[in-house]
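Student: Hi! Could you walk me through this one while I have it open?
Tutor: Happy to, let's pull it up.

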Amino acid sequence: MRIYKSCLLILFAVGVTVMAQAQSIDWMGQTTLAPIADKGAVEWKNQFTFYGDNNEFFEPFRVRETLLGQQFNSFLDASVNKDVDFWAGAFADHQSAQAVTTNVQPIFSFVYHEGGSQFVFGTLLPIYRHGLIEPMESTALEITRPIEYGMEFIQKDNFINLDSFLDWQQILTDVNREIFDYGGSARLPIWNDITVLGQLHGYHVGGEQYNGAVWNNLAGGMGLEVDGNILGASTLEVYGLGSKTTDLVGYPGATYGCGLYTKLLVCPDHQWQFFGISWVGQDFMSQEGDGNYNSVGTDGVTYEPSRTYEELGVRRFVEIENGATFDFELRSHWIDASWANSFRIMAFVPFDVTVDKPKEKTN
């Protein structure tokens, strides 16, 4: 067994209980709480999202995919009192010009907030996958699953940024197994420009009734972030990750796996970001993670115990006006011995309208 495998499993054992970053993360990785209406007010919150995502993967771990379409979410944010808000509205996704239907889902949420704490029950609006890195959850989920249903607890203060979530994807019936995922990420500043990082993602299929399949996948670990000044603002992240997959029928891999993830970001200004990612894995598996980091292929049969992956990219982020933003990303990928490329274009156009303001008391 390689030396790094033993070290990473130790890191994993320490770190799998650490949970999550924040509901909202800007392009530099800083976290914010979800925006809430003023006390006693009713606001109509809206956002158009235009997306195009294309990759040229032809190896067995992640196949070629093109995502192109538009999304719109619209909901009323009613402030019940200083600590409680209620969201009610809808989300729509039109995936391509050829699509004859539009996916529409409801938005209903109870939001309790006090200081730096926030609890969301109902519809979740995750940004950048709850702060999970690519081995935990694929970046494609930002487009294919922009809303979730479950619970989320967020804590942001001078001590820690924390977001723990439960996303219930499918309810148990006589024909379907229950499916849910959970976890998140954490950031804990410890000294000057050094931050301790945590990641956790679990995936469960099962249910006590109907005698169907029950299996689990768990991945997570810990890392360090060091901020510096290399050609501008820069950040180096290093994670030691581990995984465990149990009771999955036909799964060809080992129960336990591990990996070492390294990412360097260099930001000459607020609009440009250059980054590089390196990964070395051994029997690693995260059910919703990017397939380029997993040892099992998309067909569930192909299996390579030892994996290497590198990625180089550039990102251009432009703040236009009134909250509208344009985001372009171009990437090169080295998957073991093969090469691929991908790009993403996204535009966000929000607009909020105050429906009702709290009336001032008069003497």
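Student: Let's start with F121. Is F121 buried, partly exposed or exposed?
Tutor: F121 has a relative accessible area of 47%, so this residue counts as partly exposed. Bear in mind that this is a predicted model.

Student: And what about F119, buried or exposed?
Tutor: In between: F119 is partly exposed, at 27% relative accessibility.

Student: How many aromatic pairs are there?
Tutor: The count comes to 16 aromatic pairs. In one of them, the ring centres of F119 and F121 lie 6.4 Å apart with the planes at 25°; planes under 30 degrees apart count as stacked, so this pair is stacked.

Student: Which rings form a cluster?
Tutor: Y239, Y261, W279, F284, Y293 and Y309 are linked into a cluster by ring pairs.

Student: Switching to charges, what sits over the ring of F275?
Tutor: The charged end of K263, 5.4 Å from the ring centre. Likewise, R307 lies over the face of F61, at 3.6 Å from the centre of that ring.

Student: Back to the strands. How do β6 and β7 pair?
Tutor: In the antiparallel sense, over six bridges, with E114 opposite S117 in β7. Two residues separate the strands in this hairpin, and G115 there takes a positive phi near 60°.

Student: What about β5 and β6?
Tutor: Strand β5, residues 84-94, pairs with β6, residues 103-114, in the antiparallel sense over 10 bridges. A90 stands opposite P106 in β6.

Student: How many helices and strands does the chain have?
Tutor: Two helices and 18 strands. Of its 363 residues, 47% count as buried.

Definitions and conventions: Residues are numbered from 1 along each chain as its sequence is written. This is a predicted model: local features need pLDDT of at least 70, side-chain atom pairs count only at pLDDT 80 or more; totals for chains, interfaces and linings use all residues. Side-chain values use heavy atoms; hydrogens and water are left out. Two strands pair if DSSP finds at least two bridges between them. Helices (H or I, at least four residues) and strands (E, at least two) are DSSP runs, numbered from the N terminus. Buried means under 20% relative accessible area, exposed over 50%, partly exposed in between (1.4 Å probe, protein chains only). Rings of Phe, Tyr and Trp (its six-membered ring) pair if their centres lie within 6.5 Å; planes under 30 degrees apart count as stacked, over 60 as edge-to-face and the rest as tilted. A charge sits over a ring if NZ of Lys or CZ of Arg is within 6 Å of the ring centre and within 35 degrees of the ring normal.
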